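This report covers one helix pair and three buried positions of a single chain. The sequence and structure come first.

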Amino acid sequence: MQAGELITTDQQGRSGNEADIQLAYDVLEEVMDPEVPVVSVMDLGIVRDVSWANGHLNVVVTPTYSGCPATEYIETSIRDALHEAGFSHPKVLQRLDPAWTTDWITEQGRNRLKAYGIAPPVGSSNKRSLLSGVTQVECPNCGSDDTEQLSEFGSTACKSLYRCKSCLEPFDYFKCI
Amino acid sequence: MTKYDELTEFLLRLGDSSLIHAQRLCEWTGRAPALEEEMGMMNVGLDLVGQARNWYEYAAERINDGTDADALAFRRDERAFRNLLLVEQPNGDFAVTMTKQFFFDAWQFHLLTLLKDAKDERIAAIAAKSLKEVTYHLRRSSQWVERLGDGTEESHQRMEKAIDVLWRFTFELVEKSDTELALSESGSIPALTELPEQWRATVNEVFAKATLTVPDAPSTFYLSARTGMHSEHLGILLAEMQFLQRAYPDASW
Ligand SMILES: [Zn+2]
């Protein structure tokens, strides 16, 4: 509920249209992940819905990992960016279901990860590939397939640590979930 | 209306087990045998804290007396905690830590797999989300159990000792509970009747590869998380975990 909705009328509420939704999407394209600042929240596929309700903009997001410390930061960044773009009291709602999957990372997002030196998730997130864990990850530096996993968990929950046996560079791999 | 009922207790069992296990993992900060393992344990811990929060938020909404996830974590006493006895056990050496992790991961994995089809949509959503993370946890801990069990003479011995220390607490992972039976009959959660067998199968499979012996079925004893009868270790853990919020209520930064 927006502040002031109980007794007084919501002075800042107005009706929205297609152009507002489009503008909101444009703004969201510029809200970056704090830990991987080259991919936007749109690239990550965590924005599930943008709509107009009760005079204000509503954005529905889903967290990447249950304990991801960036979740709240991202929600605040989204709210701030939309506010700055002229939306009054934009609302950011969290939705758990369906759970986020790396399959939702856009093609652009994958390319940006790779250019940044992070290998994008390989394959689909189906249960079998998760359990067996057999994946061939391409080195983002030299493109070699001859890589090995150093550690299941990397600098953040969403990455694991790999090493390229061709160019010998270590790199992060964005895990498939 | 306040609903501190059986379903709430069940949610607390899930939330408390994740949180207490995560708190134990935190104790490895700065002390793990290798940097990669430290990152691994901290990442697993972080996932579990997030999962605990999701279960607590749902529990708090049901309890509906002004409590919230933080209050459930930091302002309840030992006897109110419903976490598995297993997860409150001290970390010991790396073998104990990994064996504990493996027993817990296998239990979580099979439990969440069942719960993701719960009719209660909130439970199904949290379970489906958590399961993705737990799948990684289980893969990692299974690999460690294999590597240490089938490793050097010393690592094998330490694993046998770790199993010896922890095994008796696993009765809770395979016990049948009237509460859960009632919950599944009322339709809130799916039947968990398969869970003990699934847990045993995973343990048997991984232990076989690890050349470790599976002990005889553990028997129940006087302690039980379901009634808040914990081992002496939980109180000490809570004293540390809850200190800040107890000493400086509502402190924030
Ligand atoms: Zn390379």
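L192(B) lies in the loop between α9 (178-185) and α10 (195-209) of chain B, where helices (H or I, at least four residues) are DSSP runs numbered from the N terminus. The model is predicted: local features need pLDDT of at least 70, side-chain atom pairs count only at pLDDT 80 or more, and totals for chains, interfaces and linings use all residues. Residues are numbered from 1 along each chain as its sequence is written, chains are lettered from A and ligands numbered from 1 in the order in which they are written, and side-chain values use heavy atoms, without hydrogens and water.

With a relative accessibility of 12%, L192(B) counts as buried (under 20% relative accessible area, with over 50% being exposed and the range in between partly exposed; 1.4 Å probe, protein chains only). Beyond four places in sequence, L192(B) touches F10(B), L111(B), L114(B), L115(B) and E180(B), contact meaning heavy atoms within 4.5 Å. K176(B) is 16 residues from L192(B) in sequence, and their C-alpha atoms are 8.4 Å apart.

Relative accessibility of the three positions:

| Residue | Location | Relative accessibility |
|---|---|---|
| L192(B) | loop between α9 and α10 | 12% |
| Q108(B) | helix α5 | 5% |
| R24(B) | helix α1 (residues 6-26) | 7% |

R24(B), in helix α1 of chain B, places its side chain 2.6 Å from the backbone oxygen of E88(B). Leaving out residues up to four places away in sequence, R24(B) touches V87(B), E88(B), Q89(B), P90(B), N91(B), K100(B), H233(B) and L237(B).

Q108(B) belongs to helix α5. Its contacts, apart from neighbours within four places in sequence, are S18(B), L48(B), Q51(B) and V134(B). Q108(B) also appears in the list of residues through which α2(B) and α5(B) meet.

How do the axes of that helix pair lie? Helix α2 (residues 35-63) and helix α5 (residues 94-115) of chain B have axes that come within 13 Å and cross at roughly 40°; axes are lines fitted to C-alpha atoms over the stretch in contact, with angles from 0 to 180 degrees between N-to-C directions. The two helices are therefore oblique to each other (angles under 35 degrees count as roughly parallel, over 145 as roughly antiparallel, 65 to 115 as roughly perpendicular, the rest as oblique).

From α2(B), the residues E37(B), M41(B), V44(B), L48(B), Q51(B) and W55(B) meet F94(B), T97(B), Q101(B), F104(B), Q108(B) and L112(B) of α5(B).

How values were computed: Polar contact = N/O pair within 3.5 Å; in protein donor to acceptor, adjacent residues only side chain to side chain.
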